[in-house]
Amino acid sequence: MTTVNQHTEECPNEWQHRFVEILPEIELKLRLAFCRLDPEAREEAIAEGIVHSLLAYIRLSEQGRAEVAPPSALAWYSSRQVKRGRPAVGRMNSKDVLSRY
């Protein structure tokens, strides 16, 4: 007798594959958002935006809502966070002299 696996949870790496599929579109939108920056600052901003998008996508995937966020929305929100100076990792410390906050 053959049993069919009715397990609906996704494979642990499934969200990674889906994010890699939408990554080119996110990167294109971020390039357009940061087109007025000098080349070095642009690459830094794009990298930071990709990290913001990835973190948002992971949170949505954990909630089972990853399919509701199109790449353009992820890129738009992450570009706003980068433009406002919000770090993707770490905390903002107002007492730190070298902090951007």
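**Close-up 1. Glu25 on helix H1 and its partners far along the chain.** In this predicted model, Glu25 sits in helix H1. With 37% relative accessibility, Glu25 counts as partly exposed, because that value falls between the 20% limit for buried and the 50% limit for exposed. Setting aside neighbours within four places in sequence, Glu25 makes contact with Pro71 and Ser72. Take Ser72: it lies 47 residues from Glu25 along the chain, yet their C-alpha atoms are separated by 7.3 Å.

**Close-up 2. Glu14, also on helix H1.** Here we look at Glu14, another residue placed in H1. Glu14 is partly exposed, its relative accessible area being 32%. Across from it in this view is Ser61, 47 residues away in sequence and 9.5 Å away in space, C-alpha to C-alpha. Ser61 itself is one of the buried residues of H2.

**Close-up 3. Helix H2 from end to end.** H2 runs over residues 39–63. Its 25 residues reach 36 Å from first C-alpha to last, close to the 36 Å expected at 1.5 Å a residue. Just after H2 comes Gly64, with a positive phi near 80°. Which residues of H2 are buried? They are Ala45, Ile46, Gly49, His52, Ser53, Ala56, Tyr57, Leu60 and Ser61. Residues three or four places apart in an α-helix point the same way, because there are 3.6 residues a turn. The buried residues of H2 pack against helix H1 (14–33) and H3.

**Close-up 4. Leu30 and the largest nonpolar core.** This core has 16 residues, and those touching the most other members are Phe19, Ile22, Ile26, Leu30, Phe34, Tyr57 and Leu74. H1, H2 and H3 are the elements that each give two or more residues to the core. Zoom in on Leu30: beyond its neighbours within four places in sequence, it is in contact with Ile46, Gly49, Ile50, Ala75, Ser78 and Ser79. Of these, Ile46 and Gly49 are also among the buried residues of H2.

**Close-up 5. The largest pocket.** The volume here is about 150 Å³. Which elements give two or more residues to the lining? Helix H2 (39–63) and helix H3 (71–83) do, and H2 gives the most, with five residues. The full lining is His52, Ser53, Leu55, Ala56, Arg59, Leu74, Tyr77, Ser78, Gln81, Arg86, Pro87 and Ala88. By type, that makes six nonpolar, four polar and two charged residues. Leu74 turns up twice in this set of views, lining the pocket and figuring among the core residues that touch the most other members.

**Close-up 6. His52, at the pocket lining.** His52 is found in H2 and helps line the largest pocket. Is His52 buried or exposed? It's buried, because its relative accessible area is 8%, and under 20% is what buried means. Leaving out residues up to four places away in sequence, His52 touches Ser78, Gln81, Val82, Arg86, Pro87 and Ala88. Several of those partners, including Ser78 and Gln81, line the pocket too.

**Close-up 7. Stepping back to the whole chain.** To put the views together: the protein chain has three helices and zero strands, running α-α-α from the N terminus on. Of its 101 residues, 25% are buried. Among contacts between residues at least 6 apart in sequence, 62% join residues at least 24 apart. The contact of Glu25 with Ser72 is one example from the views above, the two being 47 residues apart along the chain.

Notes
Residues numbered from 1 in each chain as written. Predicted model: local features only at pLDDT ≥ 70, side-chain atom pairs only at ≥ 80, totals over all residues. Heavy atoms only, no water. 1 Å grid on protein atoms, 1.4 Å probe; cavity = no way out; pocket = protein on both sides within 12 Å on 5 of 7 lines; lining within 4 Å. Points joined across faces, edges and corners; volume = space filled by probe spheres on them. Helix = DSSP H or I, 4+ residues; strand = E, 2+ residues; numbered from the N terminus. Nonpolar A, V, L, I, M, F, W, Y, C, P; charged D, E, K, R; others polar. Expected span 1.5 Å × (residues − 1). Buried < 20%, exposed > 50% of the residue type's maximum accessible area, 1.4 Å probe, protein only. Contact = heavy atoms within 4.5 Å. Core = buried A, V, L, I, M, F, W, Y, C linked by side-chain atoms within 4.5 Å.
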